[in-house]
Number of protein chains: 2
Amino acid sequence: MVQAASAPSEKVKLKRAYKKGHYDKETIYKILDAQPVCSIAFCKNEMPYNVPTLQWRQGNVLYWHGSSASHAMKAQSGMDVCVNVTILDGFVMARSGFYHSVNFRSVTLYGKAMKVEEKDQKKQALIAMIENLFPGRNETLRPIKDKELKATTLLCMPIEEASAKIRTGPPVDDDEDYKLPIWAGIISVKTASGMPESDEKLVQGIPVPRSYSKLSL
Amino acid sequence: MVQAASAPSEKVKLKRAYKKGHYDKETIYKILDAQPVCSIAFCKNEMPYNVPTLQWRQGNVLYWHGSSASHAMKAQSGMDVCVNVTILDGFVMARSGFYHSVNFRSVTLYGKAMKVEEKDQKKQALIAMIENLFPGRNETLRPIKDKELKATTLLCMPIEEASAKIRTGPPVDDDEDYKLPIWAGIISVKTASGMPESDEKLVQGIPVPRSYSKLSL
């Protein structure tokens, strides 16, 4: 499933800080799979828009969805978009303000948002969205209705023009600053999901599922 | 500091899901102050770009910064941008796939990115960036050098055209689905910072600071 790394296009290639750049599918997939939250940038009448939503992946295709009534979904359909996914891993505390930084994993993708009209592909992608996050969840659910499929706009994009940017490790200070009596180091940041909390309106006797994989970025 | 809520402009006003929309400065400031990670969307030659970075706030002004050599910073300067900040608070697990959702807090801002050239304003804003995240940190640091100020581009934008979008609470299912024997509820998501980890190159005898406020979204 993971393609061989190809030469990055001029658009995605990091111009500076090039050591932080990664273009292989394995690295890109791993970040996309870890962080469902993304933001979608698009232009309309030469003005920028920026919509947060959830993304998910099936093979080499990135998906996101929204209400068919959504102005933002209509505006993106068939248009160029730039998708960003970012995970904050920690604060990098240097000996000077200038070298303070963050450890992070980020993916940026460019492409045209294509509307998925075919019913089965649409259904399978929506099922995959839940399955990726909570394996086994779909088979417990009431099936999708046709009117729900119609009320949902599904957009997708091949994962082609993509780059990952990653920073890890300790602060990097000016040589002469290492001797200063200033605390320096890392303050890590973690995002994780908690235990399932049952809805008050739950039918009595339904056990809380333990199988849902915990999100941990 | 918090201004009276004014009528939202047509651009920021939520067209759908309008109950999730908030336009008061207090709500908007609180989300901006909680989540430093943002994404900045801008257009160049009618193509969308989407850059993740850290934002911070001083009064009613939003700031972000980058290297003066950065192509993205140059491309944004003086241009229209759309900034988004999003905090994922939980997965909303409904009785059907269609009503699955997320609890979240999000702010979207529109405006022109203005370059801050004035040296003192620039210095104060960069100090505020660290002070907002880690109160007391600046006074322990080696002072900012002039060449570091020059190597940094600082952009800002008044917090004027802004909206917050918030979802909280349990799943909302179709009336007839509440009787189904399907588990439903919330899986909360938390982002938090850990304890400071000292750099290996630290001068011996420097205590690990305990005063840095913990990030907890």
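Here are some friendly notes on the aromatic rings and the charges over them in this predicted model.

1. Let me start with the overall tally. Over all chains, the count comes to ten aromatic pairs. A pair of aromatic rings is described by the distance of the centres and the angle of the planes, and I use both below.

2. One pair worth opening in your viewer is A:Phe91 with B:Phe134. Their ring centres are 5.1 Å apart and the planes meet at 80 degrees, so this pair is edge-to-face, given that angles over 60 degrees count as such. A:Phe91 belongs to strand β5 (residues 80-93) of chain A, while B:Phe134 is in the loop between α3 (119-133) and α4 (146-150) of chain B, so the pair joins two chains. Both A:Phe91 and B:Phe134 are buried.

3. Next, look at A:Phe98 and A:Tyr99. Here the centres lie 5.0 Å apart with the planes at 85 degrees, so this pair is edge-to-face. As for exposure, A:Phe98 is partly exposed, at a relative accessible area of 32%. A:Tyr99 is partly exposed too, with a value of 26%.

4. There is also a cluster to look at: ring pairs link A:Phe42 and A:Tyr49 with B:Tyr110.

5. Finally, please check the arginines over tyrosine rings. In chain A, A:Arg57 lies over the face of A:Tyr29, 3.9 Å from the ring centre. In chain B, the charged end of B:Arg57 sits over the ring of B:Tyr29, and the distance to the centre is 3.9 Å.

Key:
Residues are numbered from 1 along each chain as its sequence is written. Chains are lettered from A and ligands numbered from 1 in the order in which they are written. This is a predicted model: local features need pLDDT of at least 70, side-chain atom pairs count only at pLDDT 80 or more; totals for chains, interfaces and linings use all residues. Side-chain values use heavy atoms; hydrogens and water are left out. Rings of Phe, Tyr and Trp (its six-membered ring) pair if their centres lie within 6.5 Å; planes under 30 degrees apart count as stacked, over 60 as edge-to-face and the rest as tilted. Helices (H or I, at least four residues) and strands (E, at least two) are DSSP runs, numbered from the N terminus. Buried means under 20% relative accessible area, exposed over 50%, partly exposed in between (1.4 Å probe, protein chains only). A charge sits over a ring if NZ of Lys or CZ of Arg is within 6 Å of the ring centre and within 35 degrees of the ring normal.
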